[in-house]
Amino acid sequence: MRLGARKLNPVVAARAGARIVRRQGIDRVTMRSVAAAIGVTPMALYRCFDSADALRLASISEALERIPDPPRDGSVRERLEAWAQTARRRLRATDGLAAACLTDWPALPAGCRMMEGLLAVAADHAESTIRQCEIANAVFVYAVTRAQAERAVLARGSTRQLPAVEARPKQYPHLAALEHRFAVIDVDRHFAVGLDALLVGLLADGDR
């Protein structure tokens, strides 16, 4: 997209950066790459952002806007579960986005929006603000870290071998008996089992 410098603004630049994030990964967001994407000089971007890091954060925040708020309808559990499933899937699709979300969310409008949405759902379950924070933070961290872990694991494929177990099965009797379970990486099932256990614990008390 070619853009005259007079039409350049922070929103246009952040959206261009977000496209780079989604297509190439966070590390490819630079003043030069964003400027090239919208047809301006790198120096022109300094009218919108005072540093490359500020542009990077704005681009990440814009990319995270594709993660919606928790649904308004349904039980607290259903709403938290729906958000976690969607967030995990969309974060996993982009290289580096989950890690950036985990560390940088307090500095990002989209990150604060996501946490605000989770806190609002938690408030429908618990009166204690401490408990609300615990619920929101636990669901947020679980979804984000699972997305990061799954991307790393699946980069090597959806199957794996356990050569140490095959060579010495008596040393690892439980793994040897369940080797077929570990040979195929079923990320969807593993995510669902973990999320179920987390929500059962988080929502065991205090329903309003």
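**Around helix α5: a quick tour**

Okay, let's start with R77: leaving aside residues up to four places away in sequence, R77 touches D196, L199, V200 and L203. Before I go on, keep in mind that this is a predicted model.

So where does R77 sit? R77 is in helix α5, which covers residues 76-92. Is R77 buried or exposed? Somewhere in between: R77 has a relative accessible area of 27%, so it counts as partly exposed. If you look the other way along the sequence, there's also A122, which is 45 residues from R77 in sequence but 9.4 Å away in space, going C-alpha to C-alpha.

Now, some of those contacts of R77 belong to a helix pairing. D196, L199 and V200 are among the residues of α12 that meet α5. Helix α12 runs over residues 187-202, and its axis and the axis of α5 come within 11 Å, crossing at roughly 145 degrees. The crossing is right-handed. What's in the contact, by class? Seven nonpolar, one polar and six charged residues.

If you want to find the contact on screen, on the α5 side pick out R77, L80, E81, A84, Q85, R88 and R92. Across from them, in α12, you have V187, D188, F191, L195, D196, L199 and V200. One detail I like here: R88 lies over the face of F191, at 4.5 Å from the ring centre.

Back to α5 for another arginine. R79 is in this helix too, and with a relative accessible area of 11% R79 is buried, because the cut-off for buried is under 20%. What does R79 touch? Again not counting residues up to four places away in sequence, R79 touches P70, P71, R72, D73 and G74, plus V121 and D124.

While we're on rings: how many aromatic pairs does the structure hold? Three. And there's a cluster, in which ring pairs link W83, W105 and F140.

Last stop, helix α1, residues 10-24, which is where you'll find Q24. Q24 has 43% relative accessibility, so Q24 counts as partly exposed. Which residue is 72 positions from Q24 in sequence, yet 9.8 Å from Q24 in space, C-alpha to C-alpha? That's G96.

To recap the arginines: R77 is partly exposed, R79 is buried, and R88 lies over the face of F191. That's it from me.

Methods. Residues are numbered from 1 along each chain as its sequence is written. This is a predicted model: local features need pLDDT of at least 70, side-chain atom pairs count only at pLDDT 80 or more; totals for chains, interfaces and linings use all residues. Side-chain values use heavy atoms; hydrogens and water are left out. Helices (H or I, at least four residues) and strands (E, at least two) are DSSP runs, numbered from the N terminus. Buried means under 20% relative accessible area, exposed over 50%, partly exposed in between (1.4 Å probe, protein chains only). Contact means heavy atoms within 4.5 Å. Axes are lines fitted to C-alpha atoms, for helices over the stretch in contact, and angles run from 0 to 180 degrees between N-to-C directions. A crossing is left-handed if the near helix is turned anticlockwise from the far one by less than a right angle, and right-handed if clockwise. Ala, Val, Leu, Ile, Met, Phe, Trp, Tyr, Cys and Pro count as nonpolar, Asp, Glu, Lys and Arg as charged, and the others, Gly among them, as polar. Rings of Phe, Tyr and Trp (its six-membered ring) pair if their centres lie within 6.5 Å; planes under 30 degrees apart count as stacked, over 60 as edge-to-face and the rest as tilted. A charge sits over a ring if NZ of Lys or CZ of Arg is within 6 Å of the ring centre and within 35 degrees of the ring normal.
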